[in-house]
Number of protein chains: 2
Amino acid sequence: MDATPEILGELSLFEGLSPERLVVLAERCRISSVNKGEHVFRAGDPGNGLYAVVSGLVRIYRGSPGGKEQVLHFIEPGEPFGEVAVFQGDAFPADAQAMVPSQVLFMSRRDFLDLARQDPEITLQMLARLSLRLRRFVHQVAELSLKEVPARLAAYLLKELEEQGSNPLTLPMSKGQLASFLGTIQETLSRSLKRLEGQGLIVVKGREIGVLDLSALQSVAEQGR
Amino acid sequence: MDATPEILGELSLFEGLSPERLVVLAERCRISSVNKGEHVFRAGDPGNGLYAVVSGLVRIYRGSPGGKEQVLHFIEPGEPFGEVAVFQGDAFPADAQAMVPSQVLFMSRRDFLDLARQDPEITLQMLARLSLRLRRFVHQVAELSLKEVPARLAAYLLKELEEQGSNPLTLPMSKGQLASFLGTIQETLSRSLKRLEGQGLIVVKGREIGVLDLSALQSVAEQGR
DNA sequence: CGGTCTCTTGAATACCTTCAAAGTAGGTGG
DNA sequence: CCACCTACTTTGAAGGTATTCAAGAGACCG
C-alpha cells in the first residue's frame, strides 16, 4: 500500500516538513500490514532502509540460542526503527516483531539520505533521537549490570507511575514481555512482584498495580534491598 | 591550552574538514590535561559541550551505590565522547575518567552546532558514529542479559584476537577493568580465565593470552558451555 | 465448555558474588 | 641489588540470587 501525506505528517520522524515535501515523500514510502507475531525484519537481515510504526506496536529484541529473549525497546506509533542499519553497517542488529496487528512504513536508505541532505533539520532531529536512545541504553546496561531484579522492577514501576499519572497503573504488556524487557524471566518477575507485595509496597491485581509506599519503592529501586 | 589545527586534524571527529576551517575551530577548542584517575566529567554534570581524547585513554562508566562499576566504553585518541548531552538532555549520563595521564579537547555545544550547520557532512558522520555506538550497546545489553560470564569473556577474547591480529594477544587494560567492562567482578573473571585455561582453550600469562583452540572458544562464546 | 495462553508456585540447581586472606609483580628508595 | 610498598591478582569457603524444570491455577476466546 502507498503512503499518504496525511499519514507521514503524523510521524515524529517527519515533523516540521512542508506539505509539499510530504506529498513527494509519500510516493516513495510503502506501508505494509503485519500480523501479530510476524517479523518486520530479523537480526542479520540486510538493512536497506528504515521503518516507522504507523499503528500497532513493535518490539525490538535479541534472542539467545537457549531461547531466552531480551527486549531492547518497544516502538510506538509515530516512531521510527531500524535506523541504525541505515547509517552504519548493513545488517540489522536485532529482531523486530509486531506485538499486535500493525502497520509499518518503509523508506529506502537512498530516499532517506536524499531527504536528509535536502532537509538538514531532519538530520539534527535524528541525532537527537539517536542520542535519546543511547541514553536509554546507558541506563539499561547499568541497570542490568548493577541492580538486582527487584530493584529493576521497582525502577520500572516508578517510571510507569510517573508516565501514566494514575495510581493503579496498568502494565502495557504481558508479564512475560515485561520480564524479558527487564532482563529476566517470567517466574522470577512473578516472585519479585510477590515480594514487593508482601512488603506492603504494592498491590497486584492482574495487570493493574497500585503503589502503596512510594518512598519505600524508591529505596528498593536504588538497591535498598 | 589552546588547540592547534594540527591536533584537530588528527581527530576522526573532524575528518575531512578543510585546513582553513580547522584554523578557525582551533581558536574555539580548549585542550586540558587530566591526571590518571581524574574525572573529565561526572554523571549528572551539565553537558555544555563535547570532548575528544587527544592522547591517553578515557573510560566511560556508571557506578552503583554498592561500589560496583560498569564500564560502558573506552575512548581512544581521536575519538569524541560526551556527545549525547549535546544533542539530547542536558546532563551527562555517566562518568568519564582518565585511565592514564591524558589530554582532552573540549568544544562547546554552540560551537559544535555552528560547525554542524556549516558542514552537513559532519552531521552525517556523527550519525554514523552514534549508530555504531548504538549497535555496540545492543550487543552489550544482549551479552549481559543472555550470556554467562565465560561466554562473554570468550567473545571478548575472540574480538581482541581479530583486532590485534597477533596470537598471544595482550589485554589492553587490567583484569579488574576488563571484569568491569564484561559486567562482572575481578574474582569471577579470574575464575573464568582459569576455567578456559583448564579446558585447554587458552594460555594465560599475565596480560598475555594465547588462544589454543579457536573453534572451541567460538563455541563457548555462543554459549556452548 | 474445551482449549490455549498467561501466570503462579515449589523444589532443586547453577551461577555469581561476597568476604577474607594470601600470593605476585612492578616500581622506588635505601 | 635488595627491601619494601602498593596495586593487581588469585584462591577458598560461604552465601545469595536467579534460573531451570515441572506442575498446577487462572484468564480469555471461540
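This report looks at how the protein chains A and B meet DNA strands C and D in a predicted model.

## Ground rules

In this predicted model, local features need pLDDT of at least 70 and side-chain atom pairs count only at pLDDT 80 or more, while totals for chains, interfaces and linings use all residues. Residues are numbered from 1 along each chain as its sequence is written, chains are lettered from A and ligands numbered from 1 in the order in which they are written, and side-chain values use heavy atoms, with hydrogens and water left out.

## Around strand D

Start with DNA strand D, which has 18 residues around it. Here "near" means that a heavy atom of the residue lies within 4 Å of the strand. The closest ones are A:Val149, A:Thr184, A:Thr188, A:Arg191 and B:Lys194. Of the strand D atoms within 4 Å of the protein, 61% sit in sugar or phosphate, and the rest are in bases.

For polar contacts, the cut-off is a pair of N or O atoms within 3.5 Å; within protein, one must be able to donate a hydrogen and the other to accept it, and residues adjacent in sequence count only if both atoms are side-chain atoms. On strand D, the side chain of A:Thr184 puts an N or O atom 2.5 Å from a phosphate oxygen. B:Gly176 uses a backbone N or O atom instead, 3.1 Å from a phosphate oxygen, and A:Lys68 has a polar side-chain atom 3.4 Å from one. The elements giving two or more residues to this surface are helices H6 (149-164) and H8 (186-198) of chain A, plus H7 (175-181) and H8 (186-198) of chain B. Helices here are DSSP runs (H or I, at least four residues; strands are E, at least two), numbered from the N terminus. H8(B) gives the most, with 5 residues.

By class, the surface near strand D has 3 nonpolar, 6 polar and 9 charged residues. Nonpolar covers Ala, Val, Leu, Ile, Met, Phe, Trp, Tyr, Cys and Pro; charged covers Asp, Glu, Lys and Arg; the others, Gly among them, are polar.

## Around strand C

DNA strand C is surrounded by 19 residues, and A:Lys194, B:Val149, B:Thr184, B:Thr188 and B:Arg191 are the closest. The side chain of B:Arg191 reaches a base, with an N or O atom 2.9 Å from a base oxygen. Phosphate oxygens pair up with the side chains of B:Thr188, at 2.8 Å, and B:Lys68, at 3.4 Å.

H8(A) gives the most to this surface, with 5 residues. The class split near strand C is 3 nonpolar, 7 polar and 9 charged.
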